[in-house]
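Here are a few exercises to work through with the model open. Try each task before you read its solution.

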Amino acid sequence: MKHALHSHCGGDKILPVALQKEIVTAIAAITIRPAVGAAAKMRDAFLVNLKGSGWSSEVFVSRDSDMTITSLKNGVGLCLQTGNMARIYADLIKLQAMYLDNSINSAAIVLPSHPLAKQLGSNIAQAKRLERELEILKKAYHVPTLVFALE
């Protein structure tokens, strides 16, 4: 699968190039054909490849919480969102909290592009909308972040 990038608050400069390459490799390894109901299989394919590069399983946002993000490696928090658009805002809050707690120093968000989201179902999280809203929310969400849009 291909991808496009969007940098928020200097994410392209802060997120280590080696980790960016690992994310790109995991994206490229997704061979699931886009269709309604395929999001879970795409997610699984991405995570298998990511874990093969040493990324963690789900990580708790804090010790006293049941909230998690998808993965963590070397100070980079990663959220993969292939579900409902409303869930992306929860991911942003979790990443911001971890950033303010010095648990992460940057973030990666992986989600479908607008055309891919339409192929996967209705109201699926999509990069075009997130990128537009990150600009609006930059005073509230200021984690250096790279958005990887699955295409």
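A disulfide is a pair of cysteine sulfur atoms within 2.5 Å. Before starting, note that this is a predicted model, where local features need pLDDT of at least 70, side-chain atom pairs count only at pLDDT 80 or more, and totals for chains, interfaces and linings use all residues. Residues are numbered from 1 along each chain as its sequence is written, and side-chain values use heavy atoms, with hydrogens and water left out.

**Exercise 1.** Find how many disulfides the whole structure has, and work out why.

Step 1: run the search over the whole structure; zero disulfides turn up.
Step 2: check the distance. The sulfur of Cys 9 has its closest cysteine sulfur in Cys 79, 16 Å away, so a bond is ruled out as too far.
Step 3: look at burial (buried is under 20% relative accessible area, exposed over 50%, partly exposed in between, with a 1.4 Å probe and protein chains only). Cys 9 is partly exposed at 37% relative accessibility, whereas Cys 79 is buried at 1%.

**Exercise 2.** Write down the fold pattern of the chain and judge its compactness.

Step 1: count DSSP runs, with helices as H or I of at least four residues and strands as E of at least two, numbered from the N terminus. You get six helices and seven strands.
Step 2: read along the sequence to get β-α-α-α-β-β-β-β-α-β-α-α-β.
Step 3: take the radius of gyration over C-alpha atoms and compare it with the globule rule, 2.2 Å times the number of residues to the power 0.38. The chain has 14 Å, close to the rule's 15 Å for 151 residues, so it is as compact as a globular protein of that length.
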